[in-house]
Amino acid sequence: MNALAEAFRLIITLDADLFEILWLSIRVSLIALAISAVISLPLGTWLAITKFPGRKFCILVLNALMGMPPVVVGLLVYLLLSRSGPLGWMGLLYTPSAMIIAQAVLITPIIAALSNQVIENLHQEYRDTFYSMGVTGRRAVVAYLVDARYALTTCILAGFGRAIAEVGAVIIVGGNIDHLTRVMTTAIALETSKGNLTLALSLGTVLLVLSLLINALVIGVREYAAKRQYA
Amino acid sequence: MPSPLLPIRISDLRLVKGDRAVLAGINLTIGEPGITVIMGPNGAGKTLLLRCLHGLIKPDQGQITLGQLSVTDSRDQQAMVFQHPVLLRRTALQNLAFAVPEIARSEPQRLLRALESVHLADRADQPARMMSGGEQQRLALARALLSKPALLLLDEATASLDPASVLLIESLVKTQSAQGTKVILVSHDQGQARRLADDVVFISGGQVAEQSPANQFFTAPETPVAKAYLAGEILL
């Protein structure tokens, strides 16, 4: 109970260490999300509306990658960025940039696969009308992205939730270095192993609140869209 | 000025679904301007024929030419209004703007006039999908007409709509036809066919059973199947 009370005190008093970790976590996940969204949304849309040999196989692979273990992603990014790896010359290992790359790799298949499903449903509905209006190519992709904006927002939020709660990959490529690459999840793992439950509980509480906020946002977006017939 | 997509020539059009020929060798020439109504019992192939004309379905066999053009080459001169209009998840005005982006940029007032023509000027900023069925269909027609098509295809466009919407849509279709657009309309509604048709194509069993001027068709149909249809008999 004492640890829990102390945890709340850290949150209420805006403890500097706590908020440094919190800010880094959010910054890393948001940048990873932005990079991933730019890649995954057009990819998911393109796969939904384009016919080519092997399309189903691509979607199968994308769906399979959704369940990729984070430690495997961490390992792959580690091999890529390590001194002897192909991108070792960039010196990114054990920096927030490495964590951003790992999180982006991890959530790109998730957002792409979810958005693919959303756009595929919309494509079933719009296909004939778009054909009739001569809407094809880039114009169609943009139209699908705009019209599915609320459903896609929930896909993006799901990706953010996955990124911010991720621990396996970022601990491998970030190294959990204090004041440099320590994020909420890696800090919780470390502080728990050290027996410092106060900070672990504070961070855990913040993570829970963040998760609740994301879910509330998802529900809010869905309800708004349904009310305006934009769902 | 008559539509440049006339005459429409369809020869030996066949479409097979499973082991059934749903279009079993359609031969048809539509050469006159005005409104052609395609009638026939359920499952006769009316909608499939319309979709083939618009290029939405590729037939297994046969040829369609519109004026001197193929279906693909004539696509940008055609517009189609479906039985269930599909509107974008945007406002009424944005739906029109999306269909004709160049006009939306250069002559935005034309979009407002199009909304006025279907009595939806006061709904310009409403989400299109929150409108009633009749309003949505009127908006879909306004969207189709904005591109000034040479050929307008309507697939049961007024089925289950309120009378006011039916009246307005029929009036707009007549006006459009008078301005030179060739209109081909699939309808189950005999009353509507009598009000609009200049000529009738009657389809049964995936084939053209009869093609004649509207007056002749409704007063003295030639085929037993058309007679039975007009008498209100159930055709299987």
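This is a short walk through a two-chain structure, and I should say at the outset that the model is predicted.

Let me begin with chain A, where the UniProt record, an unreviewed entry, places the feature "domain: ABC transmembrane type-1" at residues 22–218. Over that stretch chain A is 80% helix and 0% strand, and the C-alpha atoms at its two ends are 21 Å apart. The unreviewed UniProt entry also annotates "transmembrane region" over residues 24–48, 60–81, 93–114, 155–177 and 197–221 of chain A. Two of these spans are worth setting side by side: residues 155–177 of chain A are 74% helix and 0% strand, with end C-alpha atoms 31 Å apart, while residues 197–221 of chain A are 100% helix and 0% strand, with end C-alpha atoms 35 Å apart.

Staying with that last region, I would like you to find A:Leu201, which sits in helix α10 of chain A, residues 197–227. Is A:Leu201 buried or exposed? A:Leu201 counts as buried, because 21 C-beta neighbours fall inside 10 Å, and the cut-off for that label is 20 or more. If we leave aside neighbours within four places in sequence, A:Leu201 is in contact with A:Ala3, A:Leu4 and A:Ala7. A:Glu191 is 10 residues from A:Leu201 along the chain, and the C-alpha atoms of the two are separated by 9.2 Å.

Now to chain B, and to its open sheet of four strands, which has the order β2-β1-β4-β5 with antiparallel pairing. The edge strands here are β2 (20–30) and β5 (69–70) of chain B, each of which pairs on one side only. Strand β1 of chain B, residues 8–17, is joined to β2(B) by eight bridges, the two running antiparallel, and in this ladder B:Ile10 has B:Leu28 of β2(B) as its bridge partner.

Across β1, β2 and β4 (61–66) of chain B lies helix α1 of chain B, residues 46–54, running at about 65 degrees to β2(B). Why do I call α1(B) largely enclosed by the rest of the structure? The reason is that eight of the nine residues of α1(B) are buried, and these buried residues include charged-looking names such as B:Lys46 and B:Arg51 alongside B:Leu48, B:Leu49 and B:Leu50. After α1(B) comes B:Gly55, whose phi is positive, near 90 degrees.

The other sheet I want to show is also open, and has six strands of chain B in the order β6-β7-β8-β3-β9-β10, with mixed pairing. Strands β6 and β10 (207–213) of chain B stand at its edges, each with a single partner strand, so one side of each has no neighbour in the sheet. From one strand to the next the twist averages 15 degrees. Further in, strand β3 (residues 35–39) and strand β8 (residues 182–186) of chain B run parallel and are joined by four bridges, with B:Ile35 standing opposite B:Val183 in β8(B). Two helices pack on this sheet: α5(B) touches β6 and β7 of chain B, its direction making about 175 degrees with that of β6(B), and helix α6 of chain B, residues 163–178, touches β3, β7 and β8 of chain B, its direction making about 145 degrees with that of β8(B).

Edge strand β6(B) deserves a closer look. Four bridges join β6(B) to strand β7 of chain B, residues 151–155, and the two run parallel; B:Gln78 has B:Leu151 as its bridge partner in β7(B). Both faces of β6(B) are covered, with B:Gln78 and B:Met80 buried on one side and B:Ala79 and B:Val81 buried on the other.

What, then, of the cores? The largest nonpolar core has 70 residues, and among those with the most contacts inside it are B:Val37, B:Leu49 and B:Ala142. Helix α5 of chain B, residues 133–146, gives the largest share of this core, seven residues. Apart from it lies another core, of 61 residues, among them A:Leu18, A:Leu122, A:Ala151 and A:Ala169.

Finally, how many residues does each chain bring to the contact? Chain B gives 15 residues and chain A gives 13. On the side of chain B that touches chain A, the elements giving two or more residues are β6 (78–81) and α2 (92–99) of chain B. By class, that side of chain B has 10 nonpolar, one polar and four charged residues.

Note on methods:
Residues numbered from 1 in each chain as written. Chains lettered and ligands numbered in written order. Predicted model: local features only at pLDDT ≥ 70, side-chain atom pairs only at ≥ 80, totals over all residues. UniProt positions renumbered as here; feature names shortened; annotations may be inferred. Contact = placed C-beta atoms within 7 Å. Core = buried A, V, L, I, M, F, W, Y, C linked by C-beta atoms within 7 Å. Buried ≥ 20, exposed ≤ 12 C-beta atoms within 10 Å, placed from the backbone. Pairing = 2+ DSSP bridges. Axes fitted to C-alpha atoms, helices over the stretch in contact; angles between N-to-C directions.
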